[in-house]
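Hi,

Here is the structure I promised to pass on. Have a look at it first, and then read on for my notes.

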Amino acid sequence: MEKHPQLSRKLYLLYSLRINPSIKSHADLAKALGCSRQTVSKWGRGTETTAGNCIPHSQLDKVTAIFNIVAYWFTLSFEDFESKLREKVETEGLDETRRPEKISLSLLPITTSKIYGRKTELDQLDDAWQDDNVNVLQMIAFGGVGKSSLINSWLSRLDQENYRGANQVYAWSFYWQGSSADIKSSGDYFIEHALDWFGDQKPSEGTPWAKATRLADLIKSSRTLLILDGLEPMQYPPGPKAGQVENPAVALLIRELASDNNGLCVITSRLGVSDMNAFDDGRVESIHLRPLSTSASIKLLKSMGTHGSDDDHLQAVKEYSGHPLSLSLLGGYLSVVHQGEIKDYKKIKSLLDEQSMGAHARNLMRNYLDWFEGKPECALLLMIGLFDRAVRLEDIKFLATQKTAIEHLTSELCDLGFAQWSYAVDKLSEANLISVYQKNDQTVLDCHPLVRDYLADYLVSERKNMWAEGHELIFEYLQEQAVSNPSNMAELEPLFRAVIHGTQAGLYEEAFQLYFEKIKKRQFSMSTEGSHHADQACIRAFFKQEWTEPVKELHESARFYLLSCASANLIYLGKIHDAIASSSISIAWFLENEMWVEAINTAAPLASMLIAAGKLSEAMTLIDDMEDCVSNTNNSVIGAISSSFKAYTLHLTGQDEKAKTLFEQAESILIQSKPDSPVSFPTVSSYYCKYLLDTGSCQEALQRSLKTFAWRKEKSWQVAVDTTSLLASDIQVLGLIFLELGDHVNAKIYLNKQVDLFKAADELLYLPTGLNARAKLHIKVNDFQAAISDLEEALQVSRRTGAKFGEWEAYINLAQLYYERQDFTLSETYLQKAKDIPDMGLYRFRDAEISNLENMH
């Protein structure tokens with residue numbers, strides 16, 4: 001029998017009712033008790049070694065004193081516990097009805113406040129907000145089914161009740177990107193914007209992971225209602241990774257909130273969020289939004305002014321399949337064009353084959369364009385469609401008066417007076433083609449993503465000149481709006497957008513110069529940090545065939561610069577298959593043009609990636625294939641680095657004597673006070689140090705590792721070319737050396753730092769190695785929970801990126817951990833999982849450890 005049943009719900013109820021106003025979350029309670037937030041969380045859910053739903057006896061009196069309640073209340077059923085608290089609230093006059101401290105809903109799309117046929121879903125939202133076990137609710141539906149409208153209607157209901165105990169209400173919408181936009185970087189901008197709103201003092205500082213963690217803590221610090229609308233631009237489309245959030249910071253935030261939340265996060269998307277699959281134990285709930293019923297569809301049409309027979313309404317509703325956006329556009333079209341006569345829906349051009357319920361909307365859009373042809377309304381609508389998000393009316397007015405008028409676009413708008421602008425906006429709004437709202441005393445215009453996507457398709461296929469000239473106008477405008485020296489995502493975003501608008505205008509050379517000069521700042525992608533997702537969006541815009549064929553409009557050197565940048569970017573983000581393809585094309589072109597150094601510059605990170613991906617055989621073949629290229633450089637330093645790479649692969653395969661010979665040959669060159677040849681590559685000390693550590697030469701490994709750090713301090717030639725990930729690797733090996741020497745204090749310092757650095761560099765492919773290294777320390781000091789946390793994260797990231805090496809090591813480390821805990825069954829299970837990973841049999845450097853585990857089982 002559980003000692004304190006439904007303890008998590010009881011604690012969250014204490015927080016939400018503000019029994020102690022200073023204790024609003026697990027974090028606040030933990031601080032008052034002098035323990036960690038995770039410790040308080042474990043009281044409810046338990047662990048593998050401790051029962052859940054139990055406050056430890058040593059803490060029970062302290063908890064009851066903090067809330068001024070009686071200890072035995074925790075033993076009651078949740079209903080009786082709630083009754084006692086409600087009685088206490090009423091008796092003591094505690095205030096549970098005041099409005100939230102902060103509310104921000106302006107970033108949600110504007111929708112009609114009246115909805116039809118959604119009572120069941122509204123009740124589900126209410127229940128989720130009141131249920132303290134539910135951390136995240138995801139609402140899943142096709143585009144145009146009414147997700148945003150439903151959320152807005154629910155928020156309107158909550159507003160009338162002061163949001164039922166919420167301390168903070170914050171909403172963000174990704175929806176304006178639509179399915180055609182390419183700016184995946186908005187996830188980074190969202191994190192910074194939200195940090196600033198929640199009160200973080202330095203929202204632009206720190207790694208994406210650190211920012212996401214800080215944001216999660218701020219959200220969970222009180223009872224917060226968080227709305228993330230239209231998440232699908234952040235997610236992988238249907239396929240092997242369907243629904244997975246591509247941006248790692250946003251993915252981390254969602255997982256953190258799904259795991260433990262003091263309030264509720266509501267997500268709307270066309271796809272379920274697969275990152276939350278592990279939390280389907282009641283902490284995450286889903287609403288699958290269906291098309292409207294027949295009766296609700298008819299009510300929607302009639303509310304928009306349609307009239308006529310019930311039979312005509314019924315036939316129209318059947319024709320449009322209960323799809324709310326299509327019905328809304330139909331009602332608006334009939335009202336504007338046919339005075340609301342429902343029977344005239346039959347006059348609309350025949351429908352296309354329905355696909356994902358959006359064909360109806362596309363067909364209606366074409367009817368609208370035909371109706372408005374040659375009028376300011378058509379030009380204004382097309383102008384809005386050129387933007388990838390909401391746009392101020394003043395900005396459109398400004399653009400309409402710039403340069404030579406664009407026929408049928410700015411030519412229809414440039415001479416409009418105030419009344420004519422107002423009339424055009426009103427007509428489009430009446431037709432439900434756009435939404436209009438006020439923000440900071442400015443009129444803002446927007447449209448549904450499906451409408452925006454249709455307009456883009458129409459312009460590309462039928463108005464190519466207008467498409468190009470319109471995007472050129474926006475390209476120039478965004479450059480003028482950008483700050484001179486951007487320092488954060490908010491300031492960089494106009495440049496990212498400008499690059500993409502420039503490519504859409506066909507101005508590839510001009511867009512490339514902007515990307516190269518302002519964003520990359522003349523640096524090769526492999527040596528820079530920042531938002532790799534934003535970088536990828538810009539690079540993608542220059543490709544005809546993604547990652548393998550840049551557009552022909554660029555000069556040859558620019559094309560292969562972009563291929564190299566794409567290779568490095570894909571390696572950063574752990575997109576192994578794509579990285580291999582683009583790298584191979586780059587290498588072949590460099591070899592063909594006898595650009596030996598550039599070929600090696602691309603091959604070296606590819607070899608490292610192949611090792612991390614569990615493709616050791618391919619890495620060794622690549623290194624062998626590059627031997628002639630290395631020789632052609634006539635550069636002894638490059639030769640030494642190549643020998644180090646080959647030696648490391650030999651060590652991984654268990655051929656330590658051959659590895660030793662090559663390492664020593666390389667070292668004879670790399671430790672010289674002055675180089676024999678020009679240095680254009682990092683010298684990668686970590687491979688040799690790791691070899692020395694693995695083969696039992698711990699003191700020698702320490703001295704060689706310290707030499708590397710002395711080089712960094714002296715700014716020696718060996719580290720003239722350096723990256724954050726290389727520094728992290730050197731720190732990792734030094735931490736492991738200290739661990740082997742029994743110096744746990746220094747081991748902790750260095751192993752923590754290397755994980756932070758891998759995250760700072762957004763190095764998803766190599767992060768599992770860092771987490772595995774730190775887990776070894778946790779296992780050594782018997783901090784098994786911390787070790788499990790690191791190893792679970794290593795497995796999660798490895799599976800996400802395909803880093804089989806990290807996954808393999810994580811399973812071996814889990815086998816070791818459970819052996820230490822004397823759980824031999826689990827230990828054997830994890831060891832078998834390591835053996836079952838394909839292609840890992842070539843990695844032999846941990847054979848002795850694996851053999852010991854097998855013998856002990």
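Below is what I found, first on a pocket and then on a strand.

Please keep in mind that this is a predicted model.

The largest pocket has a volume of about 2000 Å³. Its lining is made up of 50 residues, and those nearest the centre are E256, S259, S789, E792 and E793. If you want to find the walls by element, these give two or more residues each: α3 (37-45), α9 (208-220), α10 (248-259), α33 (744-760), α35 (784-801), α36 (804-820) and α37 (824-836). The biggest share comes from α35, with 12 residues. By character, the lining of the largest pocket holds 22 charged residues, 14 polar ones and 14 nonpolar ones.

Now to strand β5, residues 264-269, where six of six residues are buried. In a regular strand, side chains alternate between the two faces of the sheet. On one side of β5 you will find L264, V266 and T268, and on the other C265, I267 and S269, so both faces are covered by the under 20% relative accessible area cut-off for buried residues.

What does β5 pair with? Strand β2 (residues 136-140) is one partner, parallel to β5 over five bridges, and there I140 is bridged to S269. Strand β4 (residues 224-229) also runs parallel to β5, joined by four bridges, with L228 partnered by I267. Between β4 and β5 the chain passes through α10, making a right-handed β-α-β crossover. That same helix, α10, is also among the elements that line the largest pocket.

Happy browsing, and best wishes

How values were computed. Residues numbered from 1 in each chain as written. Predicted model: local features only at pLDDT ≥ 70, side-chain atom pairs only at ≥ 80, totals over all residues. Heavy atoms only, no water. 1 Å grid on protein atoms, 1.4 Å probe; cavity = no way out; pocket = protein on both sides within 12 Å on 5 of 7 lines; lining within 4 Å. Points joined across faces, edges and corners; volume = space filled by probe spheres on them. Nonpolar A, V, L, I, M, F, W, Y, C, P; charged D, E, K, R; others polar. Buried < 20%, exposed > 50% of the residue type's maximum accessible area, 1.4 Å probe, protein only. Pairing = 2+ DSSP bridges. Right-handed = clockwise from strand over helix to strand, strands pointing away.
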